[in-house]
Structures are given as structure tokens and as C-alpha cells.
Amino acid sequence: MIVRAARESDIGPMKALIDRYAEASGTSVTPTAVADLMNDLAGVSGGTVLDPACGTGELLVAALDHGASEVRGQELDKGLCALASAFTSVWLQPRQTREEPDDPGAETLPGGSLAATVLTGDSLLADGYAGVEADAVVCHPPFGSRDWGQEQLASDPRWAYGIPPRAEPELAWVQHALAHLRPGGRAVLLMPPAAASRPSGRRIRAELLRRAALRAVVAMPPGAARPVHVPVHLWVLERPVSAALTDPRVLLVDVSGRERVSRGSAGNAARTGEEDDGFPASLAATVLNAWQVFTADAGRERATGQDPGAEPGSWQIIRAIDLLDEAVDLTPARHVAPAEPALPPEQAYLRLQESRDRLRAALAESECLLDCQDWRTREAAPRWRTVPVTDLVRVRMVEYLRERRDEPVTVRPGDVLIPAWLAGGASGTGGSWGTGELRAAVADADDAGARLGQHRALLRPDPAQVDPWFVAGFVMAPGSVRQASYGTSATRIDARRLEVPLLPLDEQRRYGAAFRRLHDAERAAASIADLTGELAALLAGGLTDGTLLPRSPVDDGRTVQSSEEEAGREP
């Protein structure tokens, strides 16, 4: 059904359908900006492009966007193959007259001089394009799959750089890509960072370097692509035209520490000309700049006595022979020279002072917020009458809302947001404010207009009858959560069964003010942790780049001189 709808849609709705499918199925989708960068590096314009693990077709459509004349894909999963076929079909639709292929397992979509073919099957075990050479290969292969057919393929002619061990499926995909390139053709693969350093792949990495097949490794920031917690790599490969170069070079780019990419669940913006929702254009520009310098200086590989190029903190061109040690570790961070100090010592010191002042202010604020000396103790436990939220809903003191797929809920200031589930169980004893993720939040003006999402429930109190912070504090009391929760490994919370005491509005507001104070104190504590980390990083950076000197045991407040300065001073 989703494929039929896709065939009748434009690119924007088509992309939205794919994103919904990816979110529901957990499918890894290559983000638009990353797909664009891969095709830029591959130089696909005017050529034939192959993606042997095409998924839902993002890289194929990106190749068409970048001027490829023909794209070919293969995908093991039949459903994903159908989506990839539909995606390329929608892209080509304005340029083509529909023709049904004879082979039911393939779909060729001519679009004037453009064409797209998508096959179903396992590219490693049942190569649908055996003997075909493409101008470029772009691929986001599956990571960490040990059941890739190593025993059946032990003598496969594609392993020109060594038989991939069972634990190195990504190196099988690398050689598969190289086998499908014409001489001089280029491949760009998204790779897990471990593939650059695992001992089991050392010999194949060495052979790729010796024969100038591996041209660049780019370390991306976490969140650039799934899995989002891993700083994935891009490998750029070329099929050698002739004999190996006498002194091949490799470009290593490290943008992994620049900034963490933030993106939505599927990690894609629709291909409608809008900016992608995560990967910064500045990082792509850094990578492409480095590649341009590297390819422009390709003549150096045949020259001697010239130092490779570099931009400290970003990229380095290295002789392959310098990487051929026992480890053959190609992780860019191990080889890219650190950046020079960005600030002169005087400005660096001022920045440290500002960071320290912000930390002191946050500490003072936190101490003030946590000052509860005026809170009195009761002589006896209160005998409150508590009622479930569902009773408050019935008398219209509170409105209960949950978001459905076709019924989005927009958050308003004063809404109380309740987690719908919590991993781990509800047996914690964290007091009335809850523990860990088990807490409620009251929306403020900054939250207005946001989508509620499907993992929360919303309580909307009538402010003339109920105080929101009073509700947020009491509903997440351990006893309230225990009787409103169910499940074992993943605890679900039915917000309608949570309980609050019946108190007059003035009394509610007293408690609400206290809960809000605790909330502000908790945010201040989080700010303190961030500011402490920032200050520690600035101090450590200053020590390691030479901007700062550690305090001397006999320092009396005067400027401390380094040992080098002391040694050079006249007696």
C-alpha cells in the first residue's frame, strides 16, 4: 500500500512515507546531506552509479540529483527494494514514459537519457550485476553482520586485496565495490569506525594502501548517520588505472569532534529544496575542501622531497608507507595534527575567567534554591484524601490528552507532560519528584507549539481550579507511580490512574511553588555540571596547547615562567 501511494506522489510526500516506514521498522536511512556528500566525493555526474545495498534508495536519488545518467541498485529486503524502485520512479516520472520490464525481479525506469534499475537479492551471495563495471559506487552497507557468507565466498575473485575474515563484512563490501568499478572509477562507502582499526582487517587495509585503492578516510560527527551514537567514517576508494604508485598518499579528515549532529527519528529532510535537518553544511564544505586540495596535489604522489599537505585540526595528507605499521590504524583522529590555539594567551585567560564567573554564579543560584531551612516538619503524617486523575478529568478540572498518528497534540504553557513508559521498572524511591526519567514536566512559553509525541501523556489543568506544578509534583510520587504502572522490563504508566491529593487552591500553590523551586534547582545543577565540564576542558586545552602553565608550588602570585624561559635567563 505504501509503495502504491508512493508511485502516485511527488518527492516530498514520497520521502515522508519512507521516513514513516523507516521509523516504524527501524530501518537505517542515509540522511540527505550525507548522501549528497557521498555523491559529491564520488563524482557521479554523467556516469553510471551502483549501490549494492540500496535500502530505500536515498543514495540512488542523490546520484540522480547530482547528474548521474544511470543508477543501479540491489537490495536484499523485498519491501525496501520496492520502496527504492518507487523512490527512483517518482524522481524520474516527469522525465519518462512508463515501460514495464520483462523481468519481474527488476524494474528499469527510463527517463529520456536517464534510467534506474533496482534488483532484489543479496549482492554478496547473489550478485545481480556480476561483470558490470560502473563509473561510481556509493553504498551504506549493513554493519556488523557476521552471517554474510564468508565460507561460501572464500575463493571469490572479488577478493583481490585479501579474503575478508568473518568479522570483517564491511571489508567484503569494500572489495565488492572495487570489483564493480571501471579503472579510475571511484567508490564512497559509509563505514563503522572499527573497520579502520580492527586487527582482523589489518592485512586488507595494508593492501588497499599499497595499491593506492584507498584514497581517503573521513571521520564524521556522532549523529551524522545511524547508528547515531557512533561517529561513522566515509571511505573513498578508487580502482587503480595501472600499476601501483611508487609513493601513494592518503587523505585523512577528522570532523568528528566539531559538533554532534541532531536529527529526527529517520534523519532525513524531504528532497524538496529545504535544508536538511541535521548535518551542517560547514562540515561538508570542510570535507570537500580537503578532497579538492588532495586531488589537486595528486602529482605530488610521483614527486619526492615534498611534504604532504595538512590543515591542523581538520585534515592531513599522509604517505601510505607511514601507515604501514603493525596496526595499520586508519582512524583519522590518530594522525590529524591538533589545531593551533585559537586564541592568544591574554584572550584565552579572559575566556577562562568568564567561564569561572558563570560557574560561581550558577553555584550561588543553586545554593539559594536549595535553601529549605524555612520548611517545617509535620508532627504527624497528613491524612490527605487522594483521587486518581481520571476523577479530575470527569469533573473537568483537568483535561487528559494523548497523541494519535492522525491526531497531533500541540503543547501549551502550563501543560503537565507525563512519560508514557519507563525502562527498568517503577520500584525506585526518589521522593515526590521522581527518579531518573520518571518525572513530570510543566511546559513553559519556550515549549508552546511543540508536538507532544507518542511517548508522553498530557494533563491540561484548569488554572482556576488546579495548580500545574502541584499536579506535576504529586502525580510522580513513588506510591502514585506504582499503582498506575504495569509491565516488567518496560514499565508503562497510565496517567489517568496517577493520584493527587485534594487540597484547596491556595495550598496547592504553596506546594506548587516548592516543586517549581526544586525543578529550578535541578536545572541549575545540570548547568553547573555543564559549566564545570566547559571550564575543565578549557583548562586542559590550555595546558596541552601551551597557552597555560600549571601553578608552581612556590608561586606567590607573580607570573610563572616556564623551564625554557628560566634556562634562557642570564644569571
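Which residue of β8 is the bridge partner of L214? In this predicted model, in which residues are numbered from 1 along each chain as its sequence is written, the bridge partner of L214 in β8 is L237. Local features were considered only at pLDDT of at least 70 and side-chain atom pairs only at pLDDT 80 or more, whereas totals for chains, interfaces and linings use all residues, and side-chain values rest on heavy atoms, with hydrogens and water left out.

The pair L214 and L237 belongs to the contact between strand β7 (residues 214-219) and strand β8 (residues 233-238), which pair in the antiparallel sense over five bridges. Strands are taken here as DSSP runs of E of at least two residues, and helices as runs of H or I of at least four, both numbered from the N terminus; two strands are regarded as paired if DSSP finds at least two bridges between them. Strand β7 also pairs with strand β9 (residues 249-254), in this case in the parallel sense and over four bridges, with V217 standing opposite L252 in β9. Strands of a sheet pair through backbone hydrogen bonds, either parallel or antiparallel. Six of the six residues of β7 are buried, so the strand is largely enclosed by the rest of the structure; buried denotes a relative accessible area under 20%, exposed one over 50%, and partly exposed the range in between, as computed with a 1.4 Å probe on protein chains only.

A second arrangement of strands is an open sheet of four, in the order β13-β17-β14-β16, with antiparallel pairing. Its edges are formed by β13 (398-402) and β16 (441-442), each of which has a single partner strand, so one side of each is left without a neighbour in the sheet. Strand β14 (residues 416-419) is joined to β16 by two bridges, the two strands running antiparallel, and the bridge partner of L417 in β16 is A441. Helix α11 (residues 468-475) lies across β14, β16 and β17 (456-461) and runs at about 15 degrees to β14, where axes are lines fitted to C-alpha atoms, for helices over the stretch in contact, and angles run from 0 to 180 degrees between N-to-C directions. Contact means heavy atoms within 4.5 Å.

Burial is also pronounced in helix α4 (residues 58-65), where seven of the eight residues are buried, so the helix is largely enclosed by the rest of the structure. The buried residues are E58, L59, L60, V61, A62, A63 and L64, and the helix is followed by G67, whose phi is positive, near 95 degrees.

The nonpolar interior was examined in terms of cores, each a set of buried Ala, Val, Leu, Ile, Met, Phe, Trp, Tyr and Cys residues joined through side-chain atoms within 4.5 Å. The largest such core has 55 residues, of which L41, V49, V71, M220, L234, L251 and V253 touch the most other members; helix α5 (residues 78-92) gives the most to this core, with nine residues. When residues up to four places away in sequence are not counted, L41 touches R186, V188, L234, V236, V287, L288 and W291. Apart from the largest core lies another, of 41 residues, among them L153, A177, L209 and L252.

A search of the whole structure finds zero disulfides, a disulfide being a pair of cysteine sulfur atoms within 2.5 Å. For C54, the nearest cysteine sulfur is that of C81, 6.0 Å away, which is too far for a bond. Both cysteines are buried, C54 with a relative accessible area of 3% and C81 at 6%.

Salt bridges, defined by a side-chain nitrogen of Lys or Arg within 4 Å of a carboxyl oxygen of Asp or Glu, number 19. In one of them E70 pairs with R72, the closest N and O atoms being 2.9 Å apart, and R72 is partly exposed at 21% relative accessibility. The side chains of D329 and R334 meet at 2.6 Å, N to O; D329 is buried at 13% relative accessibility, whereas R334 is exposed at 62%. Within helix α10 (residues 389-394), R394 and D391 are three residues apart and thus separated by about one helical turn, and their side chains form a salt bridge of 2.8 Å, N to O. Here R394 is exposed, at 60% relative accessibility, while D391 is partly exposed, at 28%. A network of salt bridges also links E168, E170 and R198.
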